[in-house]
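I opened my notebook to look up hollows and ring pairs in one protein model. Here is what I wrote down, entry by entry.

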Amino acid sequence: MSQPSTIGGILREPTRTIESEESSALIVGAGVFVVSGLLGLVLFWGRDLPIAGPGSLGAAVAIGSAIVAVLAFVAGRMVLRRRFGERDVPVEPIPAPAGPDRAPGSLDESGPRLHWFDVVALALAHAVIALLGWTGLADVLEQSFLGAEVYLVPAAALFGVALALTAYVSFLSSVRMTPMLLSLVLAVFLVVGVITAMLSSTDPLWWEKNLSALGMTDDVSALAFNLTLIIAGAIVTIVARYATAGLPAVTPAERRGRDVARWGLVLIGILLACVGIFPVDDFFALHNTVATGMAVVYAVLVIGLPRFLPTMPRVFVLVGWAYVVVIVVLAVFFFTGYYNLTAVELVAGLLIFSWIILFLRNTGSVVPRRVVAVTA
């Protein structure tokens, strides 16, 4: 039985084992708690705070957590860079057997390294999740404790605890980033961002137009919606590289198929970001073109998947085909006047992004199966 790591050992090698990762995250969280708690005393001195709204404890926690999430995520990547070296060249994953000290599957151990633009996109995603998540929780608590105010010391303590928890989760997410966790970040980020845009829209009848109407106004809902699409597009391009890195690529045909799948996903990510970059009210033709192009690229990728990636599980291929059929049926319902455009876009978007997340998870099952076949 291995002995617990000392504080000095953790500081020297903060990500050597699972225990040291957890301890490092606790140290980061504790440091953030002390600093943010003292900062809260200074910021809140001489006043009681409402739970939510402008100038509230919830607003301070949300903004502070967004900043802390970025810093903790970047710190985690810097720690890993120091451990694994400066190499950023994508490499083919080499699956290693699981061990008691280190969880396998890390993007740094079994796949290409995260480049600086990948880190920026994922750090911003964690920041937005923290910002919107704490804002939503504060709004719920405000409705539960109507008229209540938070005194100075409890406010500073809650401020410190919230930022410490955010730092702990963001640091662990950074040092343990795996394809599975990447898919979870994408899913949570999309759900939080889009729902926030819906709830904060100043136009209560936006749904009578289309989903892109959330990005047309000049309020916070438009910013949340467009920023969500832009960062989500960047995350999809990250998914494209890591989802396809472990696929078989021995023969020229396998390499071509893998490249087609990879660049198809990259193109979907770029087009998704362009949907947010070019709002429909200012760039009507361009907005609709990139949105339609994203759906077309998705359909081509799904239909041709057995040819591009013949090692993909058959069940997943059939699920993709079923998704395309559902989207086509929804389009027919729209053109016949049975569904409005918002309903079609919501369901189609949900299907496309759930397929991307499933694609990331299913590609992970291809490598172990191939390795077992070779080593058996």
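**Entry 1: the largest pocket.** I began with the largest pocket of this predicted model, and its volume came out at about 1400 Å³. I found 40 residues lining the pocket, and the closest to its centre are Val-344, Glu-345, Leu-346, Ala-348 and Gly-349.

Which helix gives the largest share of the lining? I found that α13 does, with 11 residues. I also noted the helices that each supply at least two lining residues: α7, α8, α9, α10, α12 and α13. By class, I counted 32 nonpolar, 7 polar and 1 charged residues in this lining.

**Entry 2: the cavity.** Next I searched the whole structure for cavities of 30 Å³ or more, and 1 turned up. I noted about 50 Å³ of space in the largest cavity. Its lining is made of Leu-247, Pro-248, Glu-254, Arg-258, Phe-308, Leu-309, Pro-310 and Thr-311. I sorted these lining residues into 5 nonpolar, 1 polar and 2 charged.

**Entry 3: the rings.** I then looked for aromatic pairs, and the whole structure has 7. One of them joins Phe-278 and Phe-283 edge-to-face, with 5.2 Å from centre to centre and 75° between the planes. I call this pair edge-to-face because its 75° angle is over the 60 degrees that the term asks for.

Are these two rings' residues buried, exposed or partly exposed? Phe-278 is partly exposed at 23% relative accessible area, and Phe-283 is partly exposed at 37%.

My last note is a cluster: ring pairs link Tyr-298, Phe-316, Trp-355 and Phe-359.

Definitions and conventions:
Residues numbered from 1 in each chain as written. Predicted model: local features only at pLDDT ≥ 70, side-chain atom pairs only at ≥ 80, totals over all residues. Heavy atoms only, no water. 1 Å grid on protein atoms, 1.4 Å probe; cavity = no way out; pocket = protein on both sides within 12 Å on 5 of 7 lines; lining within 4 Å. Points joined across faces, edges and corners; volume = space filled by probe spheres on them. Nonpolar A, V, L, I, M, F, W, Y, C, P; charged D, E, K, R; others polar. Helix = DSSP H or I, 4+ residues; strand = E, 2+ residues; numbered from the N terminus. Phe/Tyr/Trp six-rings, centres within 6.5 Å; stacked < 30°, edge-to-face > 60°. Buried < 20%, exposed > 50% of the residue type's maximum accessible area, 1.4 Å probe, protein only.
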